[in-house]
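I opened the notebook to record what I looked up, entry by entry, with the cut-offs beside each term.

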Amino acid sequence: MLNNKEITEDMIFQCFAAAKQCENRGETAASFIDVEEYEAQVMYPEFARWATKAGHPKLATLFRKVAGEEKLHSVWLRALYDDIGVPVHGEDTQRAIDALQTIRENCDALIEIDPQAVIEKALTVALRVEEREYGDIYPRFRDQAEAANDSETSAVYQRVIDSERQHAEWFHTALTDFRQAAAA
Ligand SMILES: [Fe+2]
Ligand SMILES: [Fe+2]
């Protein structure tokens, strides 16, 4: 039973949707908003659900707090583009939604058996997600806006980068504390 209930870090990482830079800056913005709203409404609330179920209410609060800020990121950018509406899910977002659905049952079963392992992996993935966003993906979005002399948009992306870096710091601290508590 345990064998086919395994959850690896990479299986959880599949629940991350990468925003896609497009030639058209409006399409880049739509992909950004699509991904940020997915994180706010689906991915981090699911991680929070796991944390609650595993008996870690403080971590659940952290995941929900970050979810709220991802929502804000989309609001900041939406303010500059009034014609985006609800973006159609990008390919990667749809793939991530499906991946989350696929591991959901296994995660629930595993949390009953080994809650620490699932939560440690979720935190590790959250840290990887945030690092990739602030270190790689969003700097490219910012540079694209800058190259087009769109300083308003590039300033928003920069604000997002700073915020994602802070999320990474929060998750790094939470993961370190979590590991220390588990080892004690
Ligand atoms: Fe974000
Ligand atoms: Fe974030």
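Entry 1, contacts of one residue. I listed the contacts of A67 and, leaving out residues up to four places away in sequence, I found that A67 touches E39, A40, Y44, P45 and A48, where two residues count as in contact if their C-beta atoms, placed from the backbone, lie within 7 Å. I note that this is a predicted model, in which local features need pLDDT of at least 70 and side-chain atom pairs count only at pLDDT 80 or more, while totals for chains, interfaces and linings use all residues. Residues are numbered from 1 along each chain as its sequence is written, and chains are lettered from A and ligands numbered from 1 in the order in which they are written.

I then asked where A67 is found. A67 is found in helix α3, helices being DSSP runs of H or I with at least four residues, numbered from the N terminus. A67 is buried, since 20 other C-beta atoms lie within 10 Å; the cut-offs are 20 or more such atoms for buried, 12 or fewer for exposed, and partly exposed in between, with C-beta atoms placed from the backbone. I also looked up the C-alpha atoms of A67 and E36, which are separated by 8.8 Å although the two residues are 31 residues apart along the chain.

Entry 2, helix α3. The helix runs over residues 57–78, has 22 residues and reaches 32 Å from its first C-alpha to its last, close to the 32 Å expected at 1.5 Å a residue, the expected span being 1.5 Å times one less than the number of residues. Which residues of α3 are buried? I found L59, A60, L62, F63, V66, A67, E70, H73, S74 and L77. They cover an arc of only 160 degrees around the axis, which puts them on the same side of α3; the arc is that of the directions from the helix axis to the C-beta atoms. On the other side of α3, I recorded P57, K58 and G68 as exposed. What covers the buried residues of α3 includes α2 (25–53), α5 (115–147) and α6 (151–183).

Entry 3, the pair α2 and α3. The axes of these helices come within 8 Å and cross at roughly 170 degrees, with axes taken as lines fitted to C-alpha atoms, for helices over the stretch in contact, and angles running from 0 to 180 degrees between N-to-C directions. I therefore entered α2 and α3 as roughly antiparallel to each other, a label that applies to angles over 145 degrees. By class, the contact of α2 with α3 has 16 nonpolar, three polar and seven charged residues; Ala, Val, Leu, Ile, Met, Phe, Trp, Tyr, Cys and Pro count as nonpolar, Asp, Glu, Lys and Arg as charged, and the others, Gly among them, as polar.

Entry 4, helix α6 and the loop before it. I found that α6 has 33 residues and reaches 48 Å from its first C-alpha to its last, close to the 48 Å expected at 1.5 Å a residue. Its buried residues include Y157, H167 and F171, and what covers the buried residues of α6 includes α3 and α5. In the loop between α5 and α6 I looked up N149, whose phi is near 60 degrees, a positive value in a residue other than glycine. With 8 C-beta neighbours inside 10 Å, N149 counts as exposed.

Note on methods. Parallel < 35°, antiparallel > 145°, perpendicular 65-115°, else oblique.
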